[in-house]
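Morning, everyone. I have one structure to walk through today, and I'll keep it brisk. Please look at the screen.

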Amino acid sequence: MAEQLQSAIDASTQKTNLILQDIEEALGWPKGQRNQSYCALRTMLHLLRDRLPVQESVAFAAQLPLVIRGIYFDGWQPMDVPVKLNRDDFLLEFRKQFTYDLQGDAEHLVQVVLDVLHRHVSSGQWDDVKDNMPKDLARMMS
């Protein structure tokens with residue numbers, strides 16, 4: 001049993017690092033900016049989570065690696081969702097929660113993180129998430 005647990009944790013850690021590396025590569029960030037890529041991922045996960053109905057949020061989380069699933073649910077208040085934000089408000093909220101300096105605007109970073117997440121969940125699940133977003137925000141989630 002302990003071996004299975006360790007194997008699951010190791011696999012999840014590897015998948016988590018792969019997602020963070022994908023973000024860093026897309027942005028041209030060195031591994032030394034891992035805290036920034038983590039913050040961008042965490043911010044995006046929480047913004048998506050809080051805009052989804054509870055059942056859809058849980059279905060989306062089920063496709064995430066164990067470590068990222070824990071990040072996703074950290075601090076979640078399911079009785080307070082979904083929160084409606086249009087694209088501009090979403091970007092503003094992302095910028096508020098991303099605590100690092102940005103080169104340029106938040107939109108590019110948001111787009112990169114959305115694209116990386118899209119590659120790591122099924123197309124059907126991603127479509128379900130998009131369908132629960134306002135149309136102007138869903139367009140960023142191609």
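First, a term. Buried means under 20% relative accessible area, exposed means over 50%, and partly exposed is in between. Take E93 as a test case: its relative accessibility is 24%, so E93 counts as partly exposed. Keep in mind that this is a predicted model.

Let's stay with E93. Which residue does E93 form a salt bridge with? The partner is K96, and the closest N and O atoms are 3.9 Å apart. A salt bridge here needs a Lys or Arg side-chain nitrogen within 4 Å of an Asp or Glu carboxyl oxygen, so 3.9 Å passes. Both residues sit in helix α5, three residues apart, which means about one helical turn separates them. Why does that spacing suit a pair? An α-helix has 3.6 residues a turn, so residues three or four places apart point the same way. As for cover, K96 is exposed, because its relative accessibility is 58%.

Next, the other salt bridges. By this rule there are seven. I'll pick out two more.

One is R42 with D74. Their closest N and O atoms are 3.1 Å apart. R42 is in helix α2, while D74 is in the loop between α4 and α5, so this pair ties together parts that are 32 residues apart in sequence. Are these two buried or exposed? Neither: R42 is partly exposed at 29%, and D74 is partly exposed at 42%.

The other is E107 with R87. Here the N to O distance is 2.5 Å. This pair also links distant parts of the chain, with E107 in helix α6 and R87 in helix α5, 20 residues apart. The cover differs across the pair. R87 is buried, at 18% relative accessible area, whereas E107 is partly exposed, at 30%. There is a third member too: R87, D88 and E107 are linked in a network of salt bridges.

That brings us to helix α6 itself. It runs over residues 106-119, 14 residues in total. How long should it be? At 1.5 Å a residue, the helix should span 20 Å, and the end C-alpha atoms are 20 Å apart, so the two agree. Now its buried side. The buried residues of α6 are A106, L109, V110, V112, V113, L114, V116 and L117. What do they pack against? Four helices: α1, α2, α5 and α7. For orientation, α2 covers 34-49, α5 covers 87-97 and α7 covers 123-131.

Last stop, helix α1, residues 2-27. Look at S12, which lies in this helix. S12 is buried, because its relative accessible area is 4%. What does the S12 side chain reach? The backbone nitrogen of V67, at 2.7 Å. Leaving aside neighbours within four places in sequence, S12 is in contact with P65, L66 and V67.

L66 turns up again at the surface. Together with L5 and I9, L66 forms a nonpolar patch there, with about 260 Å² of accessible area together. I9 belongs to α1, like S12. But the cover is not alike: I9 is partly exposed, at 33% relative accessibility, while S12 is buried at 4%.

To wrap up, three things to look at on screen. Find the network of R87, D88 and E107. Find the buried residues of α6 against α1, α2, α5 and α7. And find S12 reaching V67. Over to you.

How values were computed
Residues numbered from 1 in each chain as written. Predicted model: local features only at pLDDT ≥ 70, side-chain atom pairs only at ≥ 80, totals over all residues. Heavy atoms only, no water. Patch = residues over 30% accessible without salt bridge, like charges linked within 9 Å, V, L, I, M, F, W, Y side chains within 5 Å. Areas by Shrake-Rupley, 256 points an atom, 1.4 Å probe, with all protein chains shown as cover. Helix = DSSP H or I, 4+ residues; strand = E, 2+ residues; numbered from the N terminus. Buried < 20%, exposed > 50% of the residue type's maximum accessible area, 1.4 Å probe, protein only. Polar contact = N/O pair within 3.5 Å; in protein donor to acceptor, adjacent residues only side chain to side chain. Contact = heavy atoms within 4.5 Å. Expected span 1.5 Å × (residues − 1).
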